[in-house]
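Here is a small set of exercises to work through with the model open beside you. Try each task on your own before you read its solution.

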Amino acid sequence: MTVRGVTKSAVALTAMAAALGGGAAQADTLRDALTRAYATNPTLTGARANLQAIDENVPIARAGGLPNVSTNASYSSFVQRSVNSFAAPKKALVAGANATMPVYQGGAVRNAIKAADARVMAGRADLQTTELNVFASTVAAYMDVIRDTAIVDLNGGNVKVLETNLQASKDRFEVGDLTRTDVAQSQARLELARSQLQAAQAQLDASRQNYLEVVGKFPDALEPPPPLPALPATTEEAVDVAMTDNPALASAKEAAKAADFDIGTAQAQRLPKLEGFAEGQYIDYRGTLGDGITGTTFRQHDKTATIGLRGTLPIYQGGEPGARVRQAKARKSQALENLTATERGVIADTRVAYSRYEASLGVIKSSEVAVSANELALEGSKAEQGVGTRNLLDVLNAEQELLNSRSTLVTARRDAYVAGFTLLAAMGHAGAKDLGLDGGSLYDPVVNYKRARGNFFDWDSRDRPKPIATSTRGEPSVSAVVPAEKVTVPQK
C-alpha cells in the first residue's frame, strides 16, 4: 500500500497536537482516555457480554445431535378397578429410564452448528466495530475538550484586551481625544466578547460532559495527542484497505454465510430422521397384584428393557417445511442486500473521512496564513490609529478578525485529527491491538467461545452478573470541576 511520506503527515499532525493543548503535570493523555474507555465504557462491555451470549448458540445447536437421557417415576393407587379385572393391582410404583441418540437428522444439526459458528465470527466482527466506534468517540471527545479549552482561553484573552481598550477609550475621551461614540463602540464590543466567552464556556462544559459519558471521568489537563500514523496517499487506496479490514464488512459476510446454513437446516425438516433408543422400566405392585384371586401367587415386581432404532419419514406437515425453506432463502437474500449496503456504507465512510481530513489540512494551512496576516493587520491598525489614519472601530474589527482566525485554526486542527482517526477506524486499523493498548490484558473472545463449545454439562452456570462499566453518578457537576480561571467572566 502506498502511503504519504512520513515527514508530511508527522509535521502536520505534530503541529496540530502542539497547537491544541499544552502538557501539564499529572495530565491525562489520549492513551489514558482510550485505555479507560476500553476497560469501562458500557457500550463496549455490553457488546462483549452480547458476544458471550452468541457463543452459547454453538452448544445449543450441538445439543440437537447428542444423546438425551431422562428418568421418570410414578406411584398410583387404583381406587376403582374394572369388575372384570380379577388380577388388577390396587397400587403400582413405576420407575423408568429413556435414552435416545440421534443418528441422522437430515443435516439439521450439522447446518445449525455451522450457522452458529458463522454468527460467532460475525459477533466478533461486530465487537471490533463497536470497539472502533467507541475509540473514535473517545478521540472526538478528547479533541473537543482540547479545542474548546483553547477557544475559551482565546475568548478570555480577547475580553481582557477589550477591557483594556475600553478603559483606554474612556481615558482618551476624558482628555477629548476620542468621542462618546468611540467609547460606546468599545463598550459594545466588550459586551459581545463577554457573551462569546460565556457561549464558549458552555460549549466546553458540554464537551467535558460528553467526555465523562464516553470515558467515565472528567478530563484533567489534557496533553496533546500523539501524531497519527501515515495515511493512504489516495482515497481509493484507503477504500481498498477498508474492503479488506473493516470489521463491519466482515460481519455482513459471515451473516450471509450463516444464512446459507439456515437454508440447509430448514430443508432438513422434509427429510427422514433416524434415532437409536433404549428404554427400561421397573414396576412394583406393592403386593396388590392378583390379591382378589386365592390359591394363586403373582410376581409383584416386573422389569422390562427395550433397545432399537426408530425412523420417521415426513409425508405431509401442513406446508410448514416449504414455508421455512422459503423464509430462510428470503433471509439469505436480505443478508446479501445487507452485505451490499454495508459495503456502500464502508466506502462512503472511508471517502468522507479522507475528504474531511484533506479539507482540514487545507483549512489549517490557510488559517495559519490568516492568523499571521491578521496579527500584522492588527498591529498596523493600532499604529495607524495612533497617527489618525484609522479609527477605533478599525482596531476593534482587526481584533475580532484575529480572534476568528485563531478559533478557526484551533477547530481545523481538531477536525483534522478526528477525521484522520476516523479514517483509520473506517479502514479497520484503530482497534486496541493497533493502538498498542497493552497496559492491561486485552479482551480475548476466543476464551469464552472455547469454554462454551467444550461444555456438555446441563447444570453449568455463570456467576451472577455484575456491572463492569463504571457509573458517573458520583461525579460532581461539570461546572464544579472547571478550573476557576475558566469560568470567571470578567465584570464591568
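**Exercise 1: a residue in a loop**

Task: Find which residues leucine 178 touches, leaving out those up to four places away in sequence, and decide whether leucine 178 is buried or exposed.

Solution. Start with the contacts: beyond its close sequence neighbours, leucine 178 touches Ser169, Arg172 and Phe173. Keep in mind that this is a predicted model.

Next, place the residue. Leucine 178 sits in the loop between H5 and H6.

Now judge its burial. The cut-off for buried is under 20% relative accessible area. Leucine 178 has a relative accessible area of 12%, so it is buried.

Finally, look across the chain. Asparagine 391 is 213 residues away from leucine 178 along the chain, yet their C-alpha atoms are separated by 9.5 Å.

**Exercise 2: an asparagine in a helix**

Task: Work out whether asparagine 111 is buried or exposed, and list its contacts outside the four nearest places in sequence.

Solution. First, locate asparagine 111 in helix H5. Its relative accessibility is 13%, so asparagine 111 counts as buried. Then collect the partners: Phe261, Gly264 and Thr265 are in contact with asparagine 111, once neighbours within four places in sequence are left aside.

**Exercise 3: reading the sheet**

Task: Determine in what order the strands of the open sheet lie, and which strands are at the edges.

Solution. Step one is the order: 4 strands form an open sheet, arranged E1-E2-E3-E4 with antiparallel pairing.

Step two is the edges. Strand E1 (68–77) and E4 are the edge strands, each pairing on one side only. Ignoring direction, neighbouring strands in this sheet are turned by 15 degrees against each other on average.

Step three is the pairing around E3. Strand E2 (residues 91–104) and strand E3 (residues 273–284) are antiparallel partners over 11 bridges, while E3 and strand E4 (residues 301–312) pair in the antiparallel sense over 12 bridges.

Step four is to follow single residues across. Valine 94 has isoleucine 283 in E3 as its bridge partner, and isoleucine 283 in turn stands opposite aspartate 302 in E4. Alanine 95 stands opposite tyrosine 282 in E3. As you look along a strand, remember that side chains in a regular strand alternate between the two faces of the sheet.

**Exercise 4: a phenylalanine in the sheet**

Task: Find where phenylalanine 277 lies and which residues are in contact with it beyond four places in sequence.

Solution. Begin with the position: phenylalanine 277 is part of strand E3. With a relative accessible area of 17%, phenylalanine 277 is buried.

Then gather its contacts. Leaving aside neighbours within four places in sequence, they are Ala99, Thr100, Thr306, Ile307, Gly308, Leu309 and Arg310.

One distance completes the picture: phenylalanine 277 and asparagine 98 are 179 residues apart in sequence, but 7.4 Å apart in space from C-alpha to C-alpha.

**Exercise 5: two helices side by side**

Task: Work out how H8 and H9 are oriented and what kinds of residues make up their contact.

Solution. Take the geometry first: helix H8 (residues 247–267) and helix H9 (residues 320–386) pack at an angle of about 170 degrees, and their axes are 9 Å apart. Angles over 145 degrees count as roughly antiparallel, which means that H8 is roughly antiparallel to H9.

Now turn to the contact. On the H8 side the residues include Ala252, Ala256 and Ile263, and on the H9 side they include Val325, Leu336 and Leu339. By type, the contact of H8 with H9 divides into 13 nonpolar, 3 polar and 8 charged residues.

**Exercise 6: the nonpolar cores**

Task: Identify which members of the largest nonpolar core touch the most other members, and which helix gives the most to this core.

Solution. The largest nonpolar core has 67 residues, and those touching the most other members are Phe135, Val139, Tyr142, Met143, Tyr211, Phe421 and Leu423. Among the helices that each supply at least two residues are helix H6 (180–215) and helix H10 (392–426). H5 gives the most, with 18 residues.

Now zoom in on leucine 423: its contacts beyond four places in sequence are Leu231, Ala238, Thr350, Ala353 and Tyr354. A second, separate core has 8 residues, including Val58, Ala61, Ile113 and Tyr449.

Technical notes
Residues are numbered from 1 along each chain as its sequence is written. This is a predicted model: local features need pLDDT of at least 70, side-chain atom pairs count only at pLDDT 80 or more; totals for chains, interfaces and linings use all residues. Side-chain values use heavy atoms; hydrogens and water are left out. Axes are lines fitted to C-alpha atoms, for helices over the stretch in contact, and angles run from 0 to 180 degrees between N-to-C directions. Angles under 35 degrees count as roughly parallel, over 145 as roughly antiparallel, 65 to 115 as roughly perpendicular and the rest as oblique. Contact means heavy atoms within 4.5 Å. Ala, Val, Leu, Ile, Met, Phe, Trp, Tyr, Cys and Pro count as nonpolar, Asp, Glu, Lys and Arg as charged, and the others, Gly among them, as polar. A nonpolar core is a set of buried Ala, Val, Leu, Ile, Met, Phe, Trp, Tyr and Cys residues joined through side-chain atoms within 4.5 Å. Buried means under 20% relative accessible area, exposed over 50%, partly exposed in between (1.4 Å probe, protein chains only). Two strands pair if DSSP finds at least two bridges between them.
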